[in-house]
Amino acid sequence: VGQAFRGLPYLMLQKVTQAVEPGATVVAASQRLARVLTESYTSQQRLQGRSVWKSPVILPWGGLLNRLWREALLTGSGPFPILLNPTQELAVWEDIVRNSPEGPDLLQIPETARKAMEAWELIHAYRLPVHSGKFNLTDDCTAFYAWAREFERRRHTHGWLEQARLPD
């Protein structure tokens with residue numbers, strides 16, 4: 001029982017196996033863990049002498065949210081905003097940063113946009129309020145607040161939904 005299988009505790013792999021064999025979806029904390037669980041399950045099936053088995057459904061949290069989003073779209077249960085993929089969202093942030101008053105002075109606009117997007121994701125993950133009074137401590141904070149307001153404006157104008165708000 002205390003043995004490990006490819007770096008995974010035996011009991012964890014046993015619970016995953018018990019869940020996926022009847023068809024349950026397993027949600028992993030990260031893409032990497034989902035991949036490791038899937039590979040471990042596959043190796044376990046081979047060690048048991050099986051040549052064919054049903055593929056397990058092991059998804060990271062973001063993968064589950066995207067799958068549920070697609071399923072909701074297929075039901076046609078209402079008008080849905082357009083879900084931006086991470087590349088599309090980053091392109092919007094880059095455009096906002098590039099065209100902001102700070103844009104001409106920035107050396108690495110793509111990296112700055114990526115950091116702004118990550119900050120936006122954290123704000124929503126922790127459900128932090130975004131108010132102007134909290135964003136005037138430094139020039140960087142003031143710039144981010146302006147970028148965030150512009151992102152919100154574009155999101156509402158175009159009917160977009162970003163990954164940060166998908167759990168909602």
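**Exercise 1. Glu150 and its partner**

Glu150 is partly exposed, because its relative accessibility is 21%. Work out which residue Glu150 meets in a salt bridge, and how the two are placed in their helix.

*Solution.* Keep in mind that this model is predicted.
- Step 1. Start with the class of Glu150. Buried means under 20%, and exposed means over 50%. Glu150 has 21%, so it counts as partly exposed.
- Step 2. Find the partner. The side chain of Glu150 meets that of Arg154 in a salt bridge, 2.8 Å from N to O.
- Step 3. Count along the helix. Arg154 and Glu150 both belong to helix H6 and are 4 residues apart, so about one helical turn separates them.
- Step 4. Classify the partner. Arg154 has a relative accessibility of 15%, so this residue is buried.
- Step 5. Widen the view. Glu150 and Arg154 belong to a network of salt bridges that also links Asp95 and Arg153.

**Exercise 2. A salt bridge in helix H5**

Describe the salt bridge between Lys115 and Glu111. Are the two residues buried or partly exposed?

*Solution.*
- Step 1. Take the distance. The closest N and O atoms of Lys115 and Glu111 are 4.0 Å apart. The cut-off for a salt bridge is within 4 Å.
- Step 2. Place the pair. Both residues lie in helix H5, 4 residues apart, or about one turn of the helix.
- Step 3. Check Lys115. Its relative accessible area is 48%, so Lys115 is partly exposed.
- Step 4. Check Glu111. Its relative accessible area is 31%, so Glu111 is partly exposed too.
- Step 5. Set another pair beside this one. Arg165 and Glu162 meet in a salt bridge of 2.8 Å, N to O. Here Arg165 is buried, and so is Glu162.
- Step 6. Add the total. The count of salt bridges comes to 13.

**Exercise 3. How helix H4 crosses H5 and H6**

Name the relation of H4 to H5, then that of H4 to H6.

*Solution.*
- Step 1. Locate the helices. H4 covers residues 86-98. H5 covers 109-125, and H6 covers 139-158.
- Step 2. Take H4 and H5. Their axes come within 8 Å and cross at roughly 115°.
- Step 3. Apply the cut-off. Angles of 65 to 115 degrees count as roughly perpendicular. H4 and H5 are therefore roughly perpendicular to each other.
- Step 4. Take H4 and H6. They pack at an angle of about 125°, with axes 10 Å apart. That makes H4 oblique to H6.
- Step 5. Add the hand. The crossing of H4 and H5 is right-handed. H4 also passes H6 in a right-handed crossing.

**Exercise 4. The loop between H5 and H6**

Two residues of this loop are Arg127 and Leu128. What sets the phi of Arg127 apart? Which residues join Leu128 in a nonpolar surface patch?

*Solution.*
- Step 1. Recall the usual case. Most residues other than glycine have a negative phi.
- Step 2. Look at Arg127. Its phi is positive, about 55°, although Arg127 is not a glycine.
- Step 3. Check its cover. Arg127 has a relative accessible area of 58%, so this residue is exposed.
- Step 4. Move to Leu128. Its relative accessible area is 47%, so Leu128 is partly exposed.
- Step 5. Find the patch. Leu122 and Tyr126 join Leu128 in a nonpolar surface patch of about 360 Å².

**Exercise 5. Sequence and space**

How far apart in space are the pairs Ala116 and Phe144, Gly49 and Ala24, and Gly78 and Lys15?

*Solution.*
- Step 1. Begin with Ala116, in helix H5. Its relative accessible area is 4%, so Ala116 is buried. Phe144 is 28 residues away along the chain, and the C-alpha atoms are separated by 6.8 Å.
- Step 2. Go to Gly49, in the loop between helix H2 and strand E4. At 62% relative accessibility, it counts as exposed. Gly49 and Ala24 are 25 residues apart in sequence, and their C-alpha atoms are 23 Å apart.
- Step 3. End with Gly78, in the loop between helix H3 and strand E5. At 30% relative accessibility, it counts as partly exposed. Gly78 and Lys15 are 63 residues apart along the chain, with 37 Å between their C-alpha atoms.

Notes. Residues are numbered from 1 along each chain as its sequence is written. This is a predicted model: local features need pLDDT of at least 70, side-chain atom pairs count only at pLDDT 80 or more; totals for chains, interfaces and linings use all residues. Side-chain values use heavy atoms; hydrogens and water are left out. Patches are made of residues with over 30% relative accessible area and no salt bridge: like charges are joined within 9 Å, nonpolar side chains (Val, Leu, Ile, Met, Phe, Trp, Tyr) within 5 Å. Accessible areas come from the Shrake-Rupley method with a 1.4 Å probe; for residues, only the protein chains shown count as cover. Buried means under 20% relative accessible area, exposed over 50%, partly exposed in between (1.4 Å probe, protein chains only). Axes are lines fitted to C-alpha atoms, for helices over the stretch in contact, and angles run from 0 to 180 degrees between N-to-C directions. Angles under 35 degrees count as roughly parallel, over 145 as roughly antiparallel, 65 to 115 as roughly perpendicular and the rest as oblique. A crossing is left-handed if the near helix is turned anticlockwise from the far one by less than a right angle, and right-handed if clockwise.
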